[in-house]
Amino acid sequence: TLTGMTLYTVYVTTGVTDLVGRPLVQTFTSTFTTVDSTPPSVTAVSPADNAIEVAQDGVVRITFSEAVDPAFLSEIKLLLNSMKVDARIDLVQANTVVILTPIAPLSPNATYAVRISGAKDAVGNVMAGTQVSTFATMDTIVPTVTNLAVTGELIKGGTISVGAAVADSDVAFVDFFMDNVLVATDGTAPYTQNIVLSKEGAVYLRAVAQDKVGNRGLSYPQP
């Protein structure tokens, strides 16, 4: 089986003779190129699939395995909540890279999808199927501690269990403070720490949550 889009050369040498033994006067050479039957494919998408903290001025770059036809790019889309986002489409690097530039800045705290299908190469081969890649923009939402539960011996030298309830799924850790001094940090839900009471009288306990991208919430309870 011949390989697609490949140059082949046929040689007929002087070793070939007719029925009475007379050879060719000289070597015969002929070349031909097979048809391109390989469709384009996506080799890279930027931002990468599942990327986070993409800036609001971000653009999307899609790299193909070969040059694509600029007349067949309408099914390459940027989506937000399944709705098409207005974006300029540019084709660069010898028609191998498609750039989507949103007309308006990307929204923070959002997840976008890049849907790619229908791309054709110069001879009409269509890419197979649909490829989808997603990314999340800048996270500006601070995590929230919603409750602080305390159990145990409320006496000097006693050990209490302090549990912080959080309202968010992306919490990295919770800091626990006693009288405004950091006494424990917990990076695993349900964010509960054992703390020894070092004095008699009133003790001020509070907790602060921080998410995985560095947003730090307000103290709970507030002073």
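This is a short talk on one sheet and four unusual backbone spots in a predicted model.

I'll start with the sheet. Three strands make it up, in the order β15-β14-β17, and the sheet is open. The pairing is antiparallel. At the edges sit β15, residues 181-186, and β17, residues 205-211; each of these pairs on one side only. From one strand to the next, the twist averages 25 degrees.

Now one pair in that sheet. β14 covers residues 171-178, and it pairs with β17 over 7 bridges, in the antiparallel sense. If you want a place to look, take V171: its bridge partner in β17 is D211.

Next, the loop between β15 and β16. P190 lies there, and β16 is residues 192-196. The peptide bond from A189 to P190 is cis, with omega near 10 degrees. Y191 lies in that loop too. Y191 is not a glycine, yet its phi is positive, about 55 degrees.

There is another cis bond, from Y220 to P221, with omega near -5 degrees. P221 is in the segment after β17.

The last spot is N81, in the loop between β6, residues 77-80, and β7, residues 83-84. N81 also has a positive phi of about 55 degrees, and N81 is not a glycine.

So, is N81 buried or exposed? Exposed, because its relative accessible area is 66%, and exposed means over 50%. And Y191, buried or exposed? Buried, because its relative accessible area is 7%, and the cut-off for buried is under 20%.

That's the end of my part.

How values were computed: Residues numbered from 1 in each chain as written. Predicted model: local features only at pLDDT ≥ 70, side-chain atom pairs only at ≥ 80, totals over all residues. Heavy atoms only, no water. Pairing = 2+ DSSP bridges. Helix = DSSP H or I, 4+ residues; strand = E, 2+ residues; numbered from the N terminus. Axes fitted to C-alpha atoms, helices over the stretch in contact; angles between N-to-C directions. Buried < 20%, exposed > 50% of the residue type's maximum accessible area, 1.4 Å probe, protein only.
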